Structures are given as structure tokens and as C-alpha cells.
Amino acid sequence: MSLDRIKELRNLINTYNNEYHVHDNPSISDLEYDALLNELITLESENPQYMDPNSPTQKVGGKVLDKFTKVTHSAPMYSLGNAFSLEDLESFDERVRKVIPNPSYVVELKIDGLAISMSYEDGQFTQALTRGDGTVGEDVSENIKVIKSIPLTLTSDVDLLVRGEVFMPNASFTQVNLKRLEQGEAVFANCRNAAAGTIRQLDSRVVASRNLDGFWYTLVNAEELGIKGQYESLEYLDKLGFKINHEIKKYDTILDVWNRIHELESMREQLDYDIDGVVIKVNDFKDQNTMGYTVKVPRFAIAYKFKAEEVLTRLEDIFVSVGRTGRITPNAQLTPVEISGSMVGFANLHNQDYIKHKDIRIGDLVLVRKAGEIIPEIVSVDVSGRDDSFEEYIFPTHCPECHETLVRFETEADHYCVNTDCPARITQSLIHFASREAMNIDTLGERRVIQLHEAGLLNTILDIYALKDHIEEMSTLDKMGERSIEKLLSAIEASKNQSLDKLLFGLGIRHVGSKTASVLASHFKSMRVLMNADYETLITIDEIGLIIADSVVNYFALEHTQTMVESLIALGIDPHYESNVESSAFQDMKFVLTGTLETMKRSDAKAIIESHGGEVIGSVSKNTTVLVYGASAGSKLTKAQELGIQTWTEEEFLERVNDNA
């Protein structure tokens, strides 16, 4: 009887949660709701054998974590290209129509929050990850579970991967900051920072108290579920119990899209959540697949950014910095001013032509904004306050670090220090190599790199791996005790096991970012093979353009590079790209997993299937090869039997795996 009542209460409370937090249309009073929830809490505490990690009682929080675990996304989370004008949108539309003659576009609000990816199995919440770098995110499941509008149990027992934006509503933001003021804590600058800071709390009770919310807009495996387009997928998410944004519209022309953008911008201040633009997507999934992706962004979607807040301040000075490639970047030092919720004291001036074109001078009053709401830039100069003391800025002719003559190449707007022994170039390249996104050498950050370089111990990448021979010299340096040195050397040794793509990115090859490094690693498999690749081979790879191919060939043609690579290999740093496929026993077979597996997690079963060449899909259809089922298998098993699809118990599945081991 207790179990029946527990199940009844869970279903009722999930329904009432959806009515209140998703559709803003409650059918019972708060008093009635609280009575049901308290009854469920009591019954679950009296009957712990019936506990369910996705029970609505889990939304009150209570888990305290030591740290967040890093997890690789099953499908990458891409960024979006940006548009800032009608001309940008027309260019996007022109690119689309070259491939898709009659596209329709879905227009969605661009929520200013934190991107999250959530997975469900048989309609039950299993995991939530932050975007991270798009390839690897952090597991924030316990914190996502306490957000009241997020369903832990769906209205259908489907497997799916859904993505969206978690945000802090304006009302919650006000309450959170008032509480922080009362407690003598620093207030959050804006809703986005507040949401990001909240999701990274290790105590889920803190998260529950801050009343976050979320909108969901991407169903990654929609086509497996028979859904044909973005608009239809949003309707489907709504039926499953997800909160979607109902300001979504569909249009056939880019001019209609532009008119809708104006409507949305005018209503921006009336919303109870922050938006910073509009997202435009080609609706039909077949059309999306036809257009595909670049290394970094989907070709079928673009984000239109609203005009940024612009603020007047004083330009106090101009100084230049030297990057790892020797590129000279001029920067403006500003009288600090608040823009879009944060203090801005510096702005990037790009290059000599940029300064000359805008006639930017030290002492000017300048109009500043955050480009794309992130990077501060100077929009224009107020020349009305100038006098004869405001002199035209003269771009430096020599490197500020090594004092060598700067070079400007014919086809480029940038100046470069071409001295390979320039201290700034050396330290910046070493900082990049050791960074988390590259070789991830913990404790070898900017200050440590500069300290070791100034001590004469660190001038090249190879010197990093020779530091173990200089323990005595390091021990004489500030804050370099025995424990610090031991930790540093341990991190350096561990970096030898980094993947090929991380090593490629760390080398700092011009035009090769983290995504391009992954493409090169998966194609060429080893450093030596890539080093010997010619231009013609490189440009046959879809994601590699002419400029990247030229840069890669030129980099590996250098004698210095070849010597360094061979030395790294001699040190044991020779990663090879390896596929997870161990055999072809399940080649071209499509598996569906359902029910509760007793000896392994579903993720383990999925890894085993993929290691034998198979593919795991979310729903049963005529294209399914095998359904593997465990205890309490539901409608998927029934459907597979009706379609005459092979069904294996967990035991039968493991027998077949062992037969092919």
C-alpha cells in the first residue's frame, strides 16, 4: 500500500510542478501542494527501500559534493556564429539558399544564462553537464535536479539528450542580492554571473534556495524519435514536460525574421529574464544535415546580437602587448566604467589601422561597449573635447620586450615581433602549452612560467621536461618549496599522457585552435604522419581550409619544429589517436538499451557496443538491429517484439560480447 501511495504522490506532485513552474497555471493551492509533498517525504523516510533518485522530494536539495567531475559530451556542444545587422543576416540567408532553395527559419530568444546538456533514459533524468569547452563539461546533475521547472520524470519513457539554458530570473536575482547584502557578501553583477556562480555551488541546498529556471531548445536525437524539424522538436519537448520559450516563431523569409527581431528587442525590458539576442535556425533537420558544421559552428544557425550598452569614458593611455606568435596588440587603458554589469578598464585596439581609422588619441573621451556582450571595444571618439595637446598616436616600431624591429607583412594589418628569442613570445607560448586547454600542466601558470624563465630555467617546451634536473635551482626561488616542486614535476610527468589533439593545440600552430587540432588528430593519427603531410592532402579534409593547410605545412617544414618533435618523441611524448573500436563484431548494428541492467550501467553497455563497432540509438524503429533489455523493461521491449526485432537479455548480450573478445 505504501508503494502505491508513494507512486501516486510522485505522479501528482510532478503534474503540479509542471503546472506551476512550466505553464504558470496551478490547479491546487500552495497549502494543498505542501501537504502532499510532506506526506511523500514522510513515506519515503519510513520506506527507504522505495527511494527514487528522481523523486520530486529531491528538488529540496541536500547533496554536498567535494568537487565536480569532468565528463566528455556524447555529442559536441557547438557555439554559434554572430550577426549584428540586417546585412549580416542577409549574408547568412544567401549562404543558406545556395544549398537550400526554400528554407524556413525558426526564431528563438537567446537566453543570457548558462548552457546545459541533460540526458534521460526511459524517461528518467540521468545526468546534466555544463558546456565546458564544448567537448568536455562538468557533471552538475545534483544542482540541476533541484531546479523546480526541470522534469526528473518525463511523460514518456524515451531516451533523449536535450540542451538549453539555465538562467536566474530577474525577481530571483533581486532576492539573492538582497540576501547577500544582508550577510555582508559581494553582490552578483548580473543575472548571468549569478546563474553561473550558483550552478557551481557544491551544496545543492544553496542552488535550491536561489530559484533558478531554464528554457530547453535543442533535442539532439530528435530524428531518432521521428521528428523532422526544430519547431516540431520544441512542441515535442513541451509535451514531455520541458519548459520551452513560447516566443518562438517560424518564417520563410529573412525580412520577416528581421521584423520579428525588432519586435523582440522592443519587448526585451518587459521580460522577467535577460536575453542578449535572437537565434535563427534552419527548421528542417534534413536541411540542417545538408548544411553541416564548420570546425566551430553550425552552418545552419546564427545568433543575432542586440545592440550592446555604450558608455562614455576617458582613454588614459595606449600600450602594446606581445602574443605567443609575436603578434603585437595595442590596448587602451580606460578610466574604469561599468558596462553591462561589470567594470571595464581596458579595451582591445586590434592594430595600427584600427587606431588610425577611428583617430583614437590618448586623453580622448571614447564611447565603449562590449562586443558580443563580452569583449570591450571602442565604438567612437568624442572629438569635441580635444585641444592641441591631443597628439596623433604613433605606433611603435620596436618590440616593447626585446626591442627588435617590428615587421608588418604585406597582406596583414598586424605587426609582429619576429625574434624567436623574445622573452614575451617565449613566456606566452609556454603559458599556452601548459594551459588547461592544452597539456594541462597544473601549477605551471603565468607567474610560474615567468619566474622560471627569468631564472634561466625555462626557454623552450623541451625545457619543461628538463626541470626535473634542476630541483636544486628551483628550490632557491620564491614560493618553490619541496611540496610545490614535487607537485609541479608530477603534473609535468602526467602531461606526457595527454592526447594528440591537446599536444597539437599546445604547440601553438598558427590558425590551429582546439577544434582544428581534434580534426587533424583524428585524421592523421600520429604526430609524425601529420608532420609529413603535404598541402594537397590537408585541403582534402572537409574542415581544413587553405589558410590552415598552408600554416600547418609551413610549421612542420621548419627544422626547429622537426627537431623539437623528435625530441618530444624521445621523451615519451608521442600520443597516437586511437579509436575505441576493438572489433567489428557489431559493425553497422543499431542497438537500443532499455530497462535496468544489473551488472553494469547503461553507459558501460554503450561503451562496449561502440568498442565493437555498433551504435546505440534512443528509440525502437524498423532500423533497430537489437534491443538489449534489463529488469522492468517497458514499451520499448513490446514495440521491438511487435516489429520482429532481435531482443537480448543482459546475460545474452554479455555472452555475445565474450564470444567476440
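In the predicted model, the axes of helix α3 (residues 86-99) and helix α9 (residues 254-266) approach to within 10 Å and cross at roughly 145 degrees. The crossing of α3 and α9 is right-handed. On the α3 side, the contact is made by L86, L89, E90 and D93, and on the α9 side by I254, W258 and I261. By class, the residues of this contact of α3 with α9 comprise five nonpolar, no polar and two charged.

Helix α3 also lies across β2, β3, β10 (275-282) and β11 (301-305), and its direction makes an angle of about 175 degrees with β11. These strands belong to an open sheet of five strands, in the order β2-β11-β10-β3-β9, in which the pairing is mixed. The edges of the sheet are occupied by β2 (82-83) and β9 (249-251), each of which has a single partner strand, so that one side of each is left without a neighbour in the sheet. A further helix, α8 (residues 230-240), lies across β3, β9 and β10, and runs at about 55 degrees to β3.

Within this sheet, strand β3 (residues 105-111) is joined to β9 by three bridges, the two strands running antiparallel, and to β10 by seven bridges, again with an antiparallel course. Strands of a sheet pair through backbone hydrogen bonds, in either a parallel or an antiparallel manner. The register of β3 with β9 can be followed at individual positions: Y105 has Y251 of β9 as its bridge partner, while V106 stands opposite K250 in β9. Towards β10, V106 stands opposite K281. Seven of the seven residues of β3 are buried, so this strand is largely enclosed by the rest of the structure.

Another antiparallel pairing is that of strand β7 (residues 160-167) with β8, which are joined by six bridges. In this pairing, E165 has F215 of β8 as its bridge partner. Of the seven residues of β8 (residues 213-219), five are buried, so that this strand, too, is largely enclosed by the rest of the structure.

The loop that lies between α7 (204-209) and β8 contains N211, a residue other than glycine whose phi is nonetheless positive, near 55 degrees. Most residues other than glycine have a negative phi. With a relative accessible area of 41%, N211 is partly exposed, because this value falls between the 20% and 50% limits that separate buried from exposed residues. A positive phi, of about 65 degrees, is also found for D588, which is not a glycine. D588 is located in the loop between α22 (559-570) and β19, and its relative accessible area of 69% places D588 in the exposed class, for which the value must be over 50%.

A search of the whole structure for aromatic pairs returns 19. One of them is formed by Y304 and F306, whose ring centres are 6.4 Å apart and whose planes are inclined at 75 degrees, so the pair is edge-to-face. Y304 and F306 are both buried. An edge-to-face arrangement is also adopted by F591 and W648, with 5.8 Å from centre to centre and 65 degrees between the planes. This pair links distant parts of the chain, since F591 belongs to strand β19 (residues 590-594) and W648 to strand β22 (residues 646-649), the two residues being 57 residues apart. Both F591 and W648 are buried. The pairing extends beyond these two rings, as ring pairs link F586, F591, W648 and F653 into a cluster.

A buried loop position is provided by S435, which is found between α12 (423-434) and α13 (446-454). The relative accessible area of S435 is 19%, and S435 is therefore classed as buried, the limit being under 20%. When residues up to four places away in sequence are not counted, S435 touches N440 and I441.

Conventions:
Residues are numbered from 1 along each chain as its sequence is written. This is a predicted model: local features need pLDDT of at least 70, side-chain atom pairs count only at pLDDT 80 or more; totals for chains, interfaces and linings use all residues. Side-chain values use heavy atoms; hydrogens and water are left out. Axes are lines fitted to C-alpha atoms, for helices over the stretch in contact, and angles run from 0 to 180 degrees between N-to-C directions. Helices (H or I, at least four residues) and strands (E, at least two) are DSSP runs, numbered from the N terminus. A crossing is left-handed if the near helix is turned anticlockwise from the far one by less than a right angle, and right-handed if clockwise. Contact means heavy atoms within 4.5 Å. Ala, Val, Leu, Ile, Met, Phe, Trp, Tyr, Cys and Pro count as nonpolar, Asp, Glu, Lys and Arg as charged, and the others, Gly among them, as polar. Buried means under 20% relative accessible area, exposed over 50%, partly exposed in between (1.4 Å probe, protein chains only). Two strands pair if DSSP finds at least two bridges between them. Rings of Phe, Tyr and Trp (its six-membered ring) pair if their centres lie within 6.5 Å; planes under 30 degrees apart count as stacked, over 60 as edge-to-face and the rest as tilted.
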